[in-house]
Amino acid sequence: MSLQSPFLFTVCQVGAEPALKKEVARDFPQLKFAYSRPGFVTFKSAELLSVDSDFQLVFARLSGLSMPKIASIPDFVKTLQSLNLSGPICVHVFERDQHIPGEEPKGFASGEWSGPAIEELRVQASSLSLEINRPAQAGELVVSLILLGPQEYWMGVHRARAGLSFYPGANPGVTQPKEAPSRAFVKLEEGLLWSKAPLQAKDLAVEFGSAPGGASYSLLKRGLRVIGVDPGKMDPRILEEKNYRHISKTVATVFPPELSQSVQWLLVDMNVKPSVSLFAVDRFAVAFKSSLQGVLLTIKLNEWKMADEIPSMIEHVRSMGMSRVKATQLPSNGQEIFIAGFTRQALL
Ligand SMILES: C[S@@+](CC[C@H](N)C(=O)[O-])C[C@H]1O[C@@H](n2cnc3c(N)ncnc32)[C@H](O)[C@@H]1O
């Protein structure tokens with residue numbers, strides 16, 4: 001079987017499906033909506049797509065060729081064999097998202113659908129050399145067995161090449177350690193993996209909207225110096241860190257000289273409108289332009305219709321002096337997106 005198909009599968013957050021469909025209609029009108037379940041949407045292209053067709057979509061954290069429908073694990077194994085892939089084959093088995101991150105019912109843990117599928121796959125494909133759920137290498141083909149429900153399967157193939165596409169379902173499975181004061185730790189860790197932001201120990205990072213301190217914990221753990229600006233209460237464990245300074249004010253009342261002479265990273269994670277977050281960081285990006293490496297922004301989409309403004313948000317971040325800007329919805333983002341912008345110095 002050749003690695004071509006008119007169908008594209010995408011994996012997104014529960015609730016983001018309409019925003020994803022709108023984004024596809026705007027940026028790739030040759031793709032027409034075909035099928036969807038919460039957290040999973042497929043599209044049909046007018047032309048055959050190859051495994052190297054590249055669609056950069058903010059709301060699809062993973063996309064790839066959608067293969068013909070399969071009804072069972074033996075069906076999956078048969079189609080996998082027909083692909084004639086050589087060497088150990090990287091197979092990712094994962095479930096579509098079932099809940100909005102942070103809104104999972106008590107006691108929910110993913111794996112109820114994919115666990116039995118993995119066990120059956122090991123039995124049915126014992127003669128094949130499969131490596132199930134190991135992170136893919138750059139450029140490697142990944143065959144995915146996606147669980148849309150218990151014993152409800154979909155098959156996709158993609159090339160691992162960017163962002164989080166190396167991990168099953170583009171989810172690296174970051175968890176919140178007990179020392180981290182908030183889930184913002186998980187979001188930032190995912191954002192750093194996705195963006196490959198070149199943070200260096202001793203860099204100075206300033207975060208606007210820093211309380212209680214999950215993101216600060218992630219930065220401090222990497223050896224950065226951190227200034228947090230937030231009128232809210234910081235976790236005492238963060239306040240005790242020698243490389244941490246808290247400014248208990250709103251961003252509008254802080255002026256660049258109060259921070260430092262040189263700042264490498266500006267972060268924003270405030271529960272305010274996107275325009276407020278972007279204009280807040282603007283004047284600091286200008287003030288620190290000679291030392292700035294980049295901006296890492298968590299932007300809340302208080303209403304889904306704000307997703308229409310993402311292209312202009314990206315332009316806004318570019319106008320802050322960023323040479324490369326990209327945006328995504330990370331696996332643990334709520335109704336929000338992550339934008340990373342890097343200055344020319346960061347890309348050297
Ligand atoms: C999602 S929480 C931030 C979580 C934090 N990044 C962490 O790592 O734990 C949003 C924060 O934005 C802060 N915030 C809202 N408006 C602000 C403003 N104008 N200036 C500074 N902080 C603000 C709130 O006080 C709140 O602590």
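**Exercise 1. Find the residues that Phe 59 touches beyond four places in sequence.**

Solution. Step 1: leave aside residues up to four places away in sequence; Phe 59 then touches Val 11, Cys 12, Ala 16, Ala 19, Leu 20 and Glu 23. Step 2: continue along the chain. Phe 59 also touches Leu 301, Trp 304, Ala 307, Ile 310, Gln 329 and Ile 337. Keep in mind that this is a predicted model.

**Exercise 2. Place Phe 59 in the nonpolar core, and describe that core.**

Solution. Step 1: take the largest nonpolar core, which has 78 residues. Step 2: rank by contacts inside this core. Phe 59 is among the residues with the most, together with Leu 121, Leu 145, Phe 208 and Leu 266. Step 3: ask which element contributes the largest share. Helix H7 (residues 274-287) does, with 5 residues. Step 4: check the domains. Domain 1 (4-170) and domain 2 (184-347) each give this core at least three residues. Step 5: look for another core. A second, separate one has 37 residues, including Leu 188, Ala 215, Leu 224 and Leu 267. As background, nonpolar side chains in soluble globular proteins tend to be buried together.

**Exercise 3. Describe the contact between domain 1 and domain 2.**

Solution. Step 1: set the bounds. Domain 1 spans 4-170 and domain 2 spans 184-347. Step 2: locate the centres. The C-alpha centres of the two domains lie 31 Å apart. Step 3: count the residues in contact. Domain 1 gives 15 residues and domain 2 gives 19. Step 4: take the area. About 1400 Å² is buried between the domains, and carbon and sulfur atoms give 61% of this area. Step 5: find the main suppliers in domain 1. Val 58, Phe 59 and Leu 164 supply 37% of the area that domain 1 buries against domain 2, more than any other three residues. Step 6: turn to polar pairs. Between the domains there are 5 residue pairs in polar contact. The salt bridge count between the domains is 1. Step 7: examine Asp 308 and Lys 22. Their side chains meet in a salt bridge, at 3.1 Å from N to O.

**Exercise 4. Classify the partners in the salt bridges of Arg 61 and Arg 134 as buried, partly exposed or exposed.**

Solution. Step 1: start from the total. The whole structure has 18 salt bridges. Step 2: take Arg 61. Its salt bridge is with Asp 97, and the closest N and O atoms are 2.8 Å apart. Step 3: locate the two ends. Arg 61 sits in the loop between strand E3 (40-50) and strand E4 (62-66), and Asp 97 in the loop between strand E5 (89-95) and H3. The two are 36 residues apart, and the pair links distant parts of the chain. Step 4: classify them. Arg 61 and Asp 97 are both buried.

Step 5: take Arg 134. Glu 131 forms a salt bridge with Arg 134, with closest N and O atoms 2.4 Å apart. Glu 140 also forms a salt bridge with Arg 134, here at 2.6 Å. Step 6: classify these three. Arg 134 is partly exposed because its relative accessibility is 22%. Glu 131, at 30%, is partly exposed as well. Glu 140 has a relative accessible area of 16%, so Glu 140 is buried. Step 7: note a network. Salt bridges link Asp 52, Asp 54, Arg 159 and Arg 161.

**Exercise 5. Is Met 320 buried or exposed, and what does Met 320 touch?**

Solution. Step 1: locate Met 320. Met 320 is in the loop between helix H8 (310-318) and strand E14 (324-328). Step 2: read the accessibility. Met 320 has 6%, so Met 320 counts as buried. Step 3: list the contacts beyond four places in sequence. Met 320 touches Leu 278, Val 281, Asp 282 and Ala 285.

**Exercise 6. Compare the backbone and setting of Ala 170 and Lys 202.**

Solution. Step 1: read phi. Ala 170, not a glycine, has a positive phi of about 55°. Lys 202, also not a glycine, has a positive phi of about 85°. Step 2: place both. Ala 170 lies in the loop between strand E8 (152-159) and helix H4 (184-195). Lys 202 lies in the loop between H4 and E9. Step 3: classify. Ala 170 is buried because its relative accessibility is 0%. Lys 202, at 61%, counts as exposed.

Methods:
Residues numbered from 1 in each chain as written. Predicted model: local features only at pLDDT ≥ 70, side-chain atom pairs only at ≥ 80, totals over all residues. Heavy atoms only, no water. Core = buried A, V, L, I, M, F, W, Y, C linked by side-chain atoms within 4.5 Å. Buried < 20%, exposed > 50% of the residue type's maximum accessible area, 1.4 Å probe, protein only. Helix = DSSP H or I, 4+ residues; strand = E, 2+ residues; numbered from the N terminus. Domains from an automatic or database assignment. Contact = heavy atoms within 4.5 Å. Buried area = accessible area lost by both parts, 1.4 Å probe. Salt bridge = Lys/Arg side-chain N within 4 Å of Asp/Glu carboxyl O. Polar contact = N/O pair within 3.5 Å; in protein donor to acceptor, adjacent residues only side chain to side chain.
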